[in-house]
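User: I'd like to go through this model piece by piece, with short questions and short answers. Could you set the ground rules first?

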Amino acid sequence: MTSISASPTKLHQHRQLFPALANKTYFNYGGQGPMPQTALDAISHAQAYIQQIGPFGTEVNRWIIQETKAARNAIASELNVPAETITLTEDVTVGCNIAMWGLDWQPGDHILLSDCEHPGIIATAQEIGRRFAVELSTCPLMATLNEGNPVEVITQHLRPKTRLVILSHVLWNTGQVLPIDKIAEICINNSIKLLIDAAQSVGLLPLNLTELGADFYAFTGHKWLCGPGGVGGLYVRPEARDSLKPTFIGWRGVISDSKAKPVDWFPDGKRYEVATSNYPLYTGLREAIAIHQQWGTPEERYQQICRYSEYLWQRLQVLPDVKVLRTSPPESGLVSFQLTNQKPNASRELVVFLESQGLLTRTIADPDCVRACVHYFTLESEIDQLVEGIQRFCQM
């Protein structure tokens, strides 16, 4: 496994850009990443600048247009897609809702989800099913974590009336990485749309969405990209755009005539955007992306993440009271494990104990486990501290 060639001094200097890392040992990047100081400063300066020159006027409007374009370009550069394919949203769930509600549902249509999807997406699918008499079913991907073929499982659960398959690229509970390119090929061959919940993949995996083949790819900036909460995006494959109609509609998504009357949708990703946003957050996300790109390429960052996740996996493997869910080294920065003593609420009690020691992890409900996330700027010494904290808990 390759990794970034970086001295400890360089790594520590890079970590100093993230003030949240100064007083804790952080393993919750899959929940929310800590923002670099440059992003915090950019947001503050942008807010002040808007008030200085506006907050409403021609100059402000020109600034908003420039910053929105810059944010869209920064996101597109990470995902290897044309900027016009990107819709700016608030988060993953909003992006998924745009894709799910925008299709022309008919009674008897079928949605296929995996058994590892986030509750917000499941609830949306259930409401679509209720309103439009759409059938829902679930395929068992959790069982393929260590053996089995997720592509075959998905294929076996497709139906003649399957209209949409909804999957996570990186499963948020187990860290499994799905072969989305192979799944997309099957969906395209069967005229089925594919929506990807990319909450755990953007900023973690090296991505080329142009080649990946998914129709809709919803992501956020506040997790692995370490941007501010409240800004994310949706990639819509150009070939799928005509089949996806806007649901929430506002001035940002429509072309207006000389009398300000809407006459058409924008021909690109802007058609799904609605109205006024917290534009300084766009500046913050752009700065966060720039910090990561200064460190290395997406592939280099991913290799570093895998090196640290494998180190954590190896350290946990030898603990007598711990069972790591994966039986082979992780393919992502998410490492989930269980305590073997079967004590009620053991996962929750461990997370609370670790946080009291300055070690931040989280529980997962299904399967009942603890999840720790490592980033490319995690330290091996931090992983050692986490393992020692788990050992202390198990000896109590």
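Analyst: A disulfide here is a pair of cysteine sulfur atoms within 2.5 Å. This is a predicted model, where local features need pLDDT of at least 70 and side-chain atom pairs count only at pLDDT 80 or more, while totals for chains, interfaces and linings use all residues. Residues are numbered from 1 along each chain as its sequence is written, and side-chain values use heavy atoms, with hydrogens and water left out.

User: Cys373 first: which cysteine sulfur is closest to the sulfur of Cys373?

Analyst: The gap to that closest sulfur is 11 Å, which is too far for a bond. Cys373 also counts as buried because its relative accessibility is 0% (buried is under 20% relative accessible area, exposed over 50%, partly exposed in between, with a 1.4 Å probe and protein chains only). The closest cysteine sulfur belongs to Cys369.

User: And how many disulfides does the structure hold?

Analyst: Take Cys96 as another case: its sulfur sits 15 Å from the closest cysteine sulfur, in Cys187, so that pair is too far apart for a bond. Cys96 is buried too, with a relative accessibility of 0%. The disulfide count for the structure is 0.

User: Cys373 is part of E15, so is E15 mostly buried or exposed?

Analyst: Strand E15 covers residues 369–373 (strands, E, are DSSP runs of at least two residues, helices, H or I, of at least four, numbered from the N terminus). Cys369, Arg371 and Cys373 point one way and Val370 and Ala372 the other. With 5 of the 5 residues below the cut-off, E15 is largely enclosed by the rest of the structure and therefore mostly buried.

User: Which residue of E15 is the bridge partner of Phe337?

Analyst: Strand E12 (residues 334–339) and E15 run antiparallel and are joined by 4 bridges (two strands pair if DSSP finds at least two bridges between them). Within E15, the bridge partner of Phe337 is Val370.

User: How many residues lie between E14 and E15 in their hairpin?

Analyst: E14 and E15 pair in the antiparallel sense over 3 bridges, among them one from Ile364 to Cys369. The loop between the two strands holds Pro367, and a cis peptide bond with omega of about 0 degrees joins Asp366 to Pro367. The number of residues between the strands is 4.

User: What about Gly54 and Pro55: what is omega for the cis peptide bond there?

Analyst: Most residues other than glycine have a negative phi, and most peptide bonds are trans. Pro55 lies in the loop between helix H2 (37–53) and H3. For the cis bond joining Gly54 and Pro55, omega is about 5 degrees.

User: Cys226 and Ala260 both have positive phi, so which of them is exposed?

Analyst: Cys226, with phi near 60 degrees, is in the loop between strand E7 (216–220) and strand E8 (232–236), and it counts as buried because its relative accessibility is 0%. Phi near 65 degrees goes with Ala260, found in the loop between strand E9 (254–256) and strand E10 (262–265). With a relative accessible area of 58%, the exposed residue is Ala260.

User: In what order do the strands of the 7-stranded open sheet run?

Analyst: Pairing in this sheet is mixed. Its edge strands, each pairing on one side only, are strand E2 (86–89) and strand E4 (135–139). The order is E2-E8-E7-E6-E5-E3-E4.

User: Within that sheet, which residue of E6 is the bridge partner of Leu167?

Analyst: E5 (residues 162–168) runs parallel to E6 (residues 193–197), and 5 bridges join them, including the one from Ile166 to Leu195. E5 also pairs with strand E3 (residues 110–114), in the parallel sense over 4 bridges, and 6 of the 7 residues of E5 are buried. In E6, Leu167 has as its bridge partner Ile196.

User: Last one: which helix gives the largest share of the lining of the largest pocket?

Analyst: The largest pocket has a volume of about 560 Å³. Of its 21 lining residues, the closest to its centre are Asn61, Ile64, Ile65, Trp251 and Arg252. Providing 8 residues, the biggest contributor to the lining is helix H3 (residues 58–79).

Definitions and conventions
1 Å grid on protein atoms, 1.4 Å probe; cavity = no way out; pocket = protein on both sides within 12 Å on 5 of 7 lines; lining within 4 Å. Points joined across faces, edges and corners; volume = space filled by probe spheres on them.
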